[in-house]
Amino acid sequence: MTPDEQAFRVLKAALAAGVNVWNGADFYGTPDSNSLHLMNRYFTAFPEDADKVVLSIKSGVVSMKTFTMDCSPAGLRGFVDNALKILDGKKKIDIFGCARVDPNVPVEESIKALAELKEEGKIGGIQLSEVKAETIRRAASVAKIDMLEAEVSLWATDVFRNGVAETCAELGIPIIAHTPLGAGMLTGTIKSPDDLGAHDHHRLFPRFQPDNLAKNRLLVDELEKIAAAKGCTPAQLALSWIKVQSRKPELPLFVPVAGARSEARVFENLKDVDLSDDDLAKIEILQEKYPTAGERFPPAAMKLNEY
């Protein structure tokens, strides 16, 4: 666990550099020590930063072990009230939403409940996470959707093929790109499953199983060559590729959210790489030549994903 002193320095550096969209969840950690508790401690120490940050919180997970959701109106109200209790007035919840669509609750019911919580001033906006285009439209028919979270990276390009990105562009919904570095794979540092930390849950993910990982390294090897030619790190190339998608008129704004444990890594991640249309075309050819092997999540978790 990262000590507060170190975490606070990283958060301070991020904010100073203009990284003001902070993404968390009440299940990132334990019920007694998660993103919300860290935010309470940070904004207690630095209350002047509270209004500078857009805090996005995902919720609705009853159990990570069984992937059980509760995005019913009563369930969501309970999650929001608990989050506000933990934050203790130190920071408002700017964006709130379900981590996935609850298979037992129509998305319209969940969004209506969130809209009521927004009307009451308990949350500032509504987000969706890992949903298909049809679900976005159903949700947007009930209330304004302020943000969509989806996995977007050089090895997770589903949103560009399944209508999600175009739907968000049409409805004016920015996409928060989670896992933009492929859980470390796109940094070039993972060459075998042994390179994952002993407690890294990605060890269980299909893309990191030996056979798939070997195939996925083929794309990473080529991306490393492009990064070297551009004079940047593979991570900088990967993050810039996501941001560049925003300049395409048919696509929405993309905001990659990359983790960092040091101030140096924050500044490293923020360096923009100039990617020309030729660069993008070359990368697209590589993606077609070396398609990603393996599902994005293990089978139990994939059941809650809509694509």
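Here are three short exercises on helices of this structure, each with a worked solution.

The model is predicted, so keep in mind that local features need pLDDT of at least 70 and side-chain atom pairs count only at pLDDT 80 or more, while totals for chains, interfaces and linings use all residues. Residues are numbered from 1 along each chain as its sequence is written, and side-chain values use heavy atoms, with hydrogens and water left out.

**Exercise 1.** Work out which residues of α3 are buried and where they sit around the helix axis.

Step 1: check the length. Helices here are DSSP runs of H or I with at least four residues, and strands are runs of E with at least two, numbered from the N terminus. The 15 residues of α3 should span 21 Å at 1.5 Å a residue, and the end C-alpha atoms are indeed 21 Å apart. (The expected span is 1.5 Å times one less than the number of residues.)

Step 2: list the buried ones, meaning under 20% relative accessible area, with exposed being over 50% and partly exposed in between (1.4 Å probe, protein chains only). They are G75, L76, F79, V80, A83, I86 and L87.

Step 3: look down the axis. The buried residues of α3 fall within an arc of 130 degrees, so they line one face. That arc is taken from the directions from the helix axis to the C-beta atoms.

Step 4: turn to the other face, where you'll find the exposed A74 and K85.

**Exercise 2.** Do the same for helix α4 (residues 107-119) and find what covers its buried residues.

Step 1: V107, S110, I111, A113, L114 and L117 are buried.
Step 2: these cover an arc of only 160 degrees around the axis, which puts them on the same side of α4.
Step 3: the cover includes α3 (73-87), β7 (95-98), β8 (126-129) and α5 (133-140), going by contact, that is, heavy atoms within 4.5 Å.
Step 4: on the face turned away sit the exposed K112 and E119.
Step 5: just past α4, G121 has a positive phi of about 85 degrees.

**Exercise 3.** Describe how α8 and α10 pack, and name the residues in contact.

Step 1: helix α8 (residues 234-244) and helix α10 (residues 277-289) meet at about 110 degrees, with axes 12 Å apart. Axes are lines fitted to C-alpha atoms, for helices over the stretch in contact, and angles run from 0 to 180 degrees between N-to-C directions.
Step 2: α8 and α10 are therefore roughly perpendicular (65 to 115 degrees).
Step 3: L237, W241 and V244 of α8 meet L280, I283 and Q287 of α10.

Technical notes: Parallel < 35°, antiparallel > 145°, perpendicular 65-115°, else oblique.
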